[in-house]
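Visitor: I should like a close look at a single part of this molecule. Please explain which of its residues face inwards, which face outwards, and what they are joined to.

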Amino acid sequence: MTIKTNDSGFIHFGTRDWSYNGDKGTWARLNADNTITVKRAARGIISSKYTKELRAFCEAHGQDFDAIRSGESVTFPVK
């Protein structure tokens, strides 16, 4: 799986909708130590398309996106 990131290591998701506060505050970053950190927004609704894309992304790396609580971040290795 190729992970597309910006210069700061934040992973690009094509379905992110900036009009949703949950989408704005939910992100994933590829870290220098070859781990991924996913942060779920503390407030706001996450669009259904973005949720679906994040679920698939996390699942591909052995993580359950739905188990991440609001305001929580999780770090796991790249698979």
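Guide: What follows is a close account of one helix and its surroundings.

The model is a predicted one, in which local features need pLDDT of at least 70 and side-chain atom pairs count only at pLDDT 80 or more, whereas totals for chains, interfaces and linings use all residues. Residues are numbered from 1 along each chain as its sequence is written, and side-chain values use heavy atoms, with hydrogens and water left out.

The part in question is helix α2, residues 48–60. Helices (H or I, at least four residues) and strands (E, at least two) are DSSP runs, numbered from the N terminus. The expected span of a helix is 1.5 Å times one less than its number of residues. For the 13 residues of α2 this gives 18 Å, and the end C-alpha atoms are 18 Å apart, which agrees.

The inward residues of α2 are Y50, T51, L54, F57 and C58, which are buried. Buried means under 20% relative accessible area, exposed over 50%, and partly exposed in between, with a 1.4 Å probe and protein chains only. These five residues cover an arc of only 130° around the axis, which puts them on the same side of α2; the arc is that of the directions from the helix axis to the C-beta atoms. An α-helix has 3.6 residues a turn, so residues three or four places apart point the same way. On the other side of α2, S48, K49, K52 and E59 are exposed. The cover over the buried residues of α2 includes α1, β1, β2 and β3.

The helix also contributes to the largest nonpolar core, which has 14 residues. A nonpolar core is a set of buried Ala, Val, Leu, Ile, Met, Phe, Trp, Tyr and Cys residues joined through side-chain atoms within 4.5 Å. The members that touch the most other members are I11, F13, A28, I36, V38, F57 and F65. Two elements, β2 (35–39) and α2, give two or more residues to this core, and α2 gives the most, with four residues. In soluble globular proteins, nonpolar side chains tend to be buried together. A28 shows how F57 fits into this setting: leaving aside residues up to four places away in sequence, A28 touches G9, F10, I11, F13, I36, T37, V38 and F57. Contact here means heavy atoms within 4.5 Å.

Aromatic rings provide another link to the helix. Rings of Phe, Tyr and Trp (its six-membered ring) pair if their centres lie within 6.5 Å; planes under 30 degrees apart count as stacked, over 60 as edge-to-face and the rest as tilted. The structure holds three such pairs. In one of them, F10 and W27 meet edge-to-face, at 5.4 Å centre to centre and 80° between the planes. F10 lies in the segment before α1 (21–25) and W27 in strand β1 (residues 27–30), so this pair ties together parts 17 residues apart in sequence. F13 and Y50 form another edge-to-face pair, 5.7 Å centre to centre with 70° between the planes. Because F13 lies in the segment before α1 and Y50 in helix α2, their pair ties together parts that are 37 residues apart in sequence. F13 and Y50 are both buried, and ring pairs link F13, Y50 and F57 into a cluster.

There is also a charged link. A salt bridge is a side-chain nitrogen of Lys or Arg within 4 Å of a carboxyl oxygen of Asp or Glu, and a search of the whole structure finds two. In one of these, D66 is joined to R55, with the closest N and O atoms 2.9 Å apart. D66 lies in the loop between α2 and β3 (73–77) and R55 in helix α2, so the pair ties together parts that are eleven residues apart in sequence. Both partners count as partly exposed, D66 at 43% relative accessibility and R55 at 39%. The other bridge joins E72 to R69, with the closest N and O atoms 3.8 Å apart; E72 is partly exposed at 25%, while R69 is exposed at 61%.

Finally, the residues on either side of the helix may be noted. In the loop between β2 and α2 lies A41, which is buried with a relative accessible area of 8%. Not counting residues up to four places away in sequence, A41 touches N21, G22, G25, T26, S70 and G71. Just after α2, G62 takes a positive phi of about 80°.
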